[in-house]
Amino acid sequence: MTLKRKILTGYGVSFVLMGLVVAWAIANLIALGRATDAILSENYRSILAAENMIDALERQDSGVLLTFLGDDGEGIAQYRENEAVFLEWLARAKDNVTVRGEADLVRSIEADYGAYRKLFSAPGGPRGAEAAARPGVRYQQAIHPIFAKVRQACIDLRNLNERTMYAASVRAGDVARRAIWSTALVAALALTAALAFSLLLSERLVRPLRRVTEASRKISSGDYGVQVPVEAGDELGNLAGEFNQMARRLASYHEMNIEQIIAEKNKSEAIISSIEDGLVVFDTNLRVASINPAARALLEMPLGQGSAPSCADILPDERLCQIIRAAVENGARPALPDERRVIAIRKGETTKECLFSVTAIRGGDRRLSGVVLLLRDVTRLKEVERLKSEFVMAASHELRTPLTSLGMSVGLLLEHAAAGLAERDRELLQAAHEEVQRMKALVDDLLDLSKIEAGRIELEFESVSVATLFDHAKAVFKNQLEMNGVSLTAELDAAAPPVRADANKITWVLTNLISNALRYVGKGGHIALAASVIGPCAHLSVRDDGPGIPPEFQSKIFQKFVQVQGREAGGTGLGLAICKEIVRAHGGAIWVESAPGQGSKFIFTLPLAR
């Protein structure tokens, strides 16, 4: 028998027992309904007829008394009106004879009432000639006895049906009690049988599953030789057979791949140990799961340390622990600029500067299993960069004086001696003057960049509106825009709050970005300035509809002396680098969004004024 058929059999037995209980309950309800119907339909109408006949008879007797008192018109009218009512209810009583003795009473009522009517309809009316002098004697002797007899017969009819109704009610109560107890007994028996059958069936179904569960637990603990007995040919038997086959395959796979797994693990550990950069693996609770020798040496962690330390125990910078925690919570690599990816680690009397990188680790099910922290010692690179900046500053400063003298000399020659020179000589002199000016601009840019990088730039922070910055930048290019046929517009919300910035330095950033856009936007082109507020910062942007920037250059153009290849060189290659340093000095960031053929959009952020 298949598992499905076993389950259906169990449900079938339960349904049969349930149907038996329901059928028994319905049969008892039908019997109870019949008893109740007997109470209501067989006796209630007779009781109602008797009550109405008594009421009509008493009203007729009141009419008779009125005639004896001399009010013939009112008395006869009342008598006739209630006579019809009495006869109507008498007819209903005759049609509803259901109790033994009820027919005799109805016939007695009908006969006596006929005699009562004859007395009222006798010649001379109820009083007659003899009753004229003694009306009370006539009523008491002739009419009242027959009235009382009819009334008593009606009362007897009512009492007979009431007794019968009470007896029927008692019988209905007995039926109801028997129905309750018999139904409860049948239900208890059916429930006991169903419970016993369900326990038996569930045990037969669960026993193989329990064995499979126990075998799975043994396999997970490393016992691959476990086997589950196959007791039946149903689905559970098939499951046990497939499980046994799986266990045998796992055992063979384990025997075959354990050496390879160990070799791969040793290889991975050797690779990690050979990495010169510090590498620390944290679990999702921010505790150290693995660490290579370079990281141990950098963080001064002894080899014999027992329990896994937490992030805060080994890293001196709390900000880095917060970044690692955010990577665990978000499951993604944090996007940080290079200047925020450097931490200082004190080691004895010296301080190491390290560039860090945080990467989330995901398993085969794409669930986060940990975070890798890579620490690269950039102390020497920082020192080299500092020495390079000092050299550039010194060289630029030393070049400024001879370039100034050379520029003045060439300028004087152009002003006083150019007229006496040949055309070829004047062209050479003019070219020399332009090159000297270009060299002076390059030296000035190098000095400015060196000062900014060395932290010697002087910023005068103030609360300034973005509209003012845009107006100053647009005023600088008014004539150039008209000459080149380029439009420059500004999109700014009138309610935008002011920013905290050095107005001159930020205006320089805007003019440099607009100048770059003018260099590549053709006649009839468009340059748009825009500003929006996102969180605690204002986002300022310069967008053009020029040729755009290839993706491979978008991450490089903010470096020194980098220019897009294939474009006409019109600058020193330092403008965007200076823009980046000025924006960084304001606590902001700058980036570009561009696609070839779709223009470029340079965006930088500034803090809002408080």
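The following exchange concerns a predicted model and takes up its aromatic pairs, a hairpin and a surface patch.

Colleague: Is E83 buried or exposed?
Modeller: E83 sits in helix α2, which spans residues 72–95, and residues up to four places away in sequence aside, E83 touches Q60, Y113 and R117. Its relative accessibility is 8%, and since buried means under 20% relative accessible area, E83 counts as buried.

Colleague: How are the rings of F86 and Y113 arranged, stacked or edge-to-face?
Modeller: A pair of aromatic rings is described by the distance of the centres and the angle of the planes. For F86 and Y113 the centres are 3.9 Å apart and the planes stand at 25°. Planes under 30 degrees apart count as stacked, so the pair of F86 and Y113 is stacked.

Colleague: How many residues apart are F86 and Y113 in the chain?
Modeller: F86 belongs to helix α2, whereas Y113 belongs to helix α3, residues 102–121. F86 is buried with a relative accessible area of 0%, and Y113 is buried with 1%. The pair links distant parts of the chain, and the separation of F86 and Y113 is 27 residues.

Colleague: Which residues are linked by ring pairs into a cluster?
Modeller: The count of aromatic pairs comes to 5, and the stacked pair of F86 and Y113 has ring centres 3.9 Å apart. Both of these residues belong to the cluster that ring pairs build, whose members are Y79, F86, Y113, Y116 and F147.

Colleague: Which residue of β12 stands opposite S594?
Modeller: Strand β11, residues 590–594, alternates its side chains, with I590, V592 and S594 pointing to one face and buried, while W591 and E593 point to the other and are not buried. β11 runs antiparallel to strand β12, residues 600–607, and 5 bridges join the two. They form a hairpin with 5 residues between the strands, where G597 in the turn has a positive phi of about 85°. Opposite S594 in β12 stands S600.

Colleague: What is the area of the nonpolar surface patch that includes I26?
Modeller: I26 lies in helix α1, residues 3–68, and at 44% relative accessibility I26 counts as partly exposed. That value satisfies the patch rule, because patches are made of residues with over 30% relative accessible area and no salt bridge. Together M18, V22, I26 and I30 make a nonpolar surface patch of about 360 Å².

How values were computed:
Residues numbered from 1 in each chain as written. Predicted model: local features only at pLDDT ≥ 70, side-chain atom pairs only at ≥ 80, totals over all residues. Heavy atoms only, no water. Patch = residues over 30% accessible without salt bridge, like charges linked within 9 Å, V, L, I, M, F, W, Y side chains within 5 Å. Areas by Shrake-Rupley, 256 points an atom, 1.4 Å probe, with all protein chains shown as cover. Salt bridge = Lys/Arg side-chain N within 4 Å of Asp/Glu carboxyl O. Helix = DSSP H or I, 4+ residues; strand = E, 2+ residues; numbered from the N terminus. Buried < 20%, exposed > 50% of the residue type's maximum accessible area, 1.4 Å probe, protein only. Contact = heavy atoms within 4.5 Å. Pairing = 2+ DSSP bridges. Phe/Tyr/Trp six-rings, centres within 6.5 Å; stacked < 30°, edge-to-face > 60°.
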